Amino acid sequence: MTPAPPTVHRVLFVCLGNICRSPTAEGVFRSLVESRELGAHFEIDSAGTGDWHIGAPPDRRAQHAAARRGIDLSNLRARQTSAADMAKFDYIIAMDRANHADLTRLAGARHRHKVRLFLASSPDPGRDEVPDPYYGGNPGFDQVLDLIEQASRDLLDHIVAQR
C-alpha cells in the first residue's frame, strides 16, 4: 500500500503593494515553518491587491529590518493577487481591513471563507490590522515585524492543530 502524500497547506499573505507587510509576513512565516521542520507541508507566497510594484523587490527598509532578525527577503518580488489565488490557497491572510474587503470581493462566495485578517486573533483587542510602514520611518518596520512574528506563530499553531 502506498502511503498518502503529506498534506500541503497553501498560505498567501496580502497587503496593498506587496513590498512591505506581505513579503515580510511571507519571510517570517517561511522561517518559522522551516525552524519547525514543516517545510514539506507548506506552500507560502505573498501578493498585493494593487499593481504598482509588480516585479519589484521588497522595500529596502523591510529587507533591512528582516535581515536584522535573520530573515532574507531579497529574492522576493511583488505580484498582484488574482482570482486563481483564491482557488489555489487555503489561507488568504489580509494585513488590513481594506485588503480584506478587496480580497473578499475577489474571492466571491465560493472562497470567501479562506480570507481572514492576520491579526484577527491578536491578544490586543484594539488592534486587528498590521499598520503600513511605507510612509513612516525605520521604527515602523520593526513594529510590523513584532506584530507579524507573533501572528505567524499563532497562525502556524492554528494550522498545525487542524491537521
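## Helix 4 and the strands beneath its path

In this predicted model, helix 4 (residues 97-111) lies across strand 1, strand 3 and strand 4, in contact meaning heavy atoms within 4.5 Å, and runs at about 160° to strand 4. Such angles, from 0 to 180 degrees, are taken between the N-to-C directions of lines fitted to C-alpha atoms, for helices over the stretch in contact. Helices (H or I, at least four residues) and strands (E, at least two) are DSSP runs numbered from the N terminus.

## The sheet

Four strands form an open sheet with parallel pairing in the order 2-1-3-4, where two strands pair if DSSP finds at least two bridges between them. Strand 2 and strand 4 (115-117) each have a single partner strand at the edges, so one side of each lacks a neighbour in the sheet.

Strand 1 (residues 9-15) and strand 2 run parallel and are joined by seven bridges, and D45 in strand 2 is the bridge partner of L12.

## The nonpolar core

The largest nonpolar core (buried Ala, Val, Leu, Ile, Met, Phe, Trp, Tyr and Cys residues joined through side-chain atoms within 4.5 Å; buried is under 20% relative accessible area with a 1.4 Å probe, protein chains only) has 35 residues, of which V11, F13, F29, F42 and F118 touch the most other members. Helix 5 (138-162) gives the largest share of this core, nine residues.

## Basis of the values

Residues are numbered from 1 along each chain as its sequence is written. Local features need pLDDT of at least 70 and side-chain atom pairs count only at pLDDT 80 or more, while totals for chains, interfaces and linings use all residues, and side-chain values use heavy atoms, leaving out hydrogens and water.

Definitions and conventions:
Buried < 20%, exposed > 50% of the residue type's maximum accessible area, 1.4 Å probe, protein only.
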